[in-house]
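Me: Please give me a close look at one part of this model, chain A. I'm in my first year, so spell out the terms as you go.

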Amino acid sequence: MQTLVNVIAANGLVTAFALVGLTVWLSHWLSRVLTHGRIHGSAIAILLGLAAAFWAGKATGGTRGVADIGLLSGLGVMGGGMLRDFGIVSTAFGVQLSELRRAGAIGVVSIFTGVLVAFVAGAAVALTFGYRDAVSITTIGAGAVTYIVGPVTGAAIGASSEVLALSVAAGVVKAVLVMVVTPLVARFIGLNNPQSAMVFGGLLGTTSGVAGGLAATDPRLVPYGAMTATFYTGVGCLLGPSLLYFSVRALV
Amino acid sequence: MVIYGVALLAACLLAGQYAGDLLGLWLGVQANVGGVGIAMLLLVLASSSRALRPLVTDEAAGGIRFWGAMYIPIIVAMAAGQNVVAAVDGGLLALLAGAFATLTCFLLVPLLSRWGPPGTPLPPPESVDSATGAPR
C-alpha cells in the first residue's frame, strides 16, 4: 500500500491524466444513462470537478481545491494557468482569420461593455448592502468583473482585506456560474456561431469561466470566445483603479 | 515530426505572453493584457504562412491537435482546482454581486451579437469530431 502511495505521489501529473480520464469517462456514461445525452458529458465532468473542489476545500481549508490534497497535487499542474493557456492557444489551430476579423469591432465593443456592466452590477449590490465609501464600492464592483481585477484594483486604491476577500469571492462566483450556466442558456442567447462566441467572451470575460462554459457548450466555439476574453482582465485592471474609481468617487 | 508542431505552439504562447506583459507594462497595468489572444493570433497567422508549412502539416499538425483535444480534460482539472468554497462562503453579497454581473452580461449577448455581422450557426456537432473540430 505504502509503495502504491509513493508511486502516486512521485507521478503527480500522470496521476492527474488517469484521474481526469476516468472522470470524463464516468461523465459521458452519466450523460448517456441519466440524461440521454441532453446534458453534455463535458458539462457533467466540469460539474464533478467543481463538486470535488468544494469538497476538497472544505476538507483541507485550502484555496486550490483538489490540488491542495498532497496526492492529487498533479491536478493543480494539469489545470494550472500554464497548461490551460497552452490548451486554449492550441484550439486556435484551424480558426479562420476572416471570422476573427469579421467580428473584431463588435468584439472590442463587447469587452468594454462587459467590464462596465459587470462593474456597475457589482457596485450596485455593494451599495444595496450599505457600503458608502468609494474604495469599497469600486473594489467589490471590480471583483464582479473578474477575481483578478478585484484584488488588483483594491490593492491599488487601498481597500481593506475584508473587502478584498469579498471582491475575490464575487469574482469566483461569476467564474463558477459562467461555467455551469453557459451550456444551459446557450440556445436562448444565440451562442452557436463564432461571432456570438466572440461577443460572449468579451461580455463575460472571466477566462476560466468562458473557457469552461464554452467547452461544455461546443468546443468549436472556444477559440473565438477565448480570443476576446483574454483581453478582458487586462482592460478591467486598466479601468478599475483609474476611470471606474474616479467615477465612483465623483458620485458618492 | 510531432515536436515541431508542439514547439511552434509553445513559441506562440511564449511570444504572446511576452507581448501581453509588455502591453500591460506600457499601459501601466499590473496584469497581462491579451497575451493568450495574441498567441492565438500568432498561431492562426503561422498556420497560414507558406514558410512555416512544415511546422503545421502532417505529423507536426498532430502535435498541435493533440493539445487541442486535451483542452477539455485540462478544463476539468482546472474546475477541480477552483476555490469553490470561497464562492459559497463569500456570503450573500459576493453571491449576488457575482450572479447579478453574470446575468446582466448573459442578457447582453444576443443584443450585442445583433449589432455585429450576422453569424452562421456551426453545423451540428455530430458531424464533426468534438475533440478537434475537424470534419469526421
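**Chain A: inside and out**

Reply: Let's start between the two domains of chain A: domain 1 and domain 2 have 0 residue pairs in polar contact across their interface, counting pairs with both residues at pLDDT 80 or more. A polar contact is a pair of N or O atoms within 3.5 Å; within protein, one must be able to donate a hydrogen and the other to accept it, and residues adjacent in sequence count only if both atoms are side-chain atoms. Keep in mind that this is a predicted model, where local features need pLDDT of at least 70 and side-chain atom pairs count only at pLDDT 80 or more, while totals for chains, interfaces and linings use all residues. As for bookkeeping, residues are numbered from 1 along each chain as its sequence is written, chains are lettered from A and ligands numbered from 1 in the order in which they are written, and side-chain values use heavy atoms, leaving out hydrogens and water.

Salt bridges between these domains also come to 0 (side-chain nitrogen of Lys or Arg within 4 Å of a carboxyl oxygen of Asp or Glu). The domain 1 side has 4 nonpolar, 2 polar and no charged residues. Here Ala, Val, Leu, Ile, Met, Phe, Trp, Tyr, Cys and Pro count as nonpolar, Asp, Glu, Lys and Arg as charged, and the others, Gly among them, as polar. What does meet is 6 residues of domain 1 and 7 of domain 2, where contact means heavy atoms within 4.5 Å. They bury about 500 Å², with carbon and sulfur atoms giving 86%; that is the accessible area (1.4 Å probe) both parts lose on being put together, summed over both.

So where are these domains? An automatic or database assignment puts domain 1 at 2-79 and domain 2 at 97-251, with C-alpha centres 27 Å apart.

Chain A as a whole has 13 helices and 0 strands, counted as DSSP runs (H or I, at least four residues, for helices; E, at least two, for strands), numbered from the N terminus. Its C-alpha atoms fill a box of roughly 65 × 45 × 30 Å along the principal axes.

Now look outward, to chain B. The contact takes 96 residues from chain A and 83 from chain B. Together the chains bury about 7,500 Å², with 81% from carbon and sulfur atoms. On chain A's side, Phe86(A), Phe93(A) and Arg220(A) lose the most area, together 12% of what that side buries. Helix α10 (residues 161-185) of chain A gives the most to this side, with 12 residues. By class, the side divides into 64 nonpolar, 24 polar and 8 charged residues. Salt bridges across to chain B number 0, but there are 6 residue pairs in polar contact.

Terms used: Buried area = accessible area lost by both parts, 1.4 Å probe.
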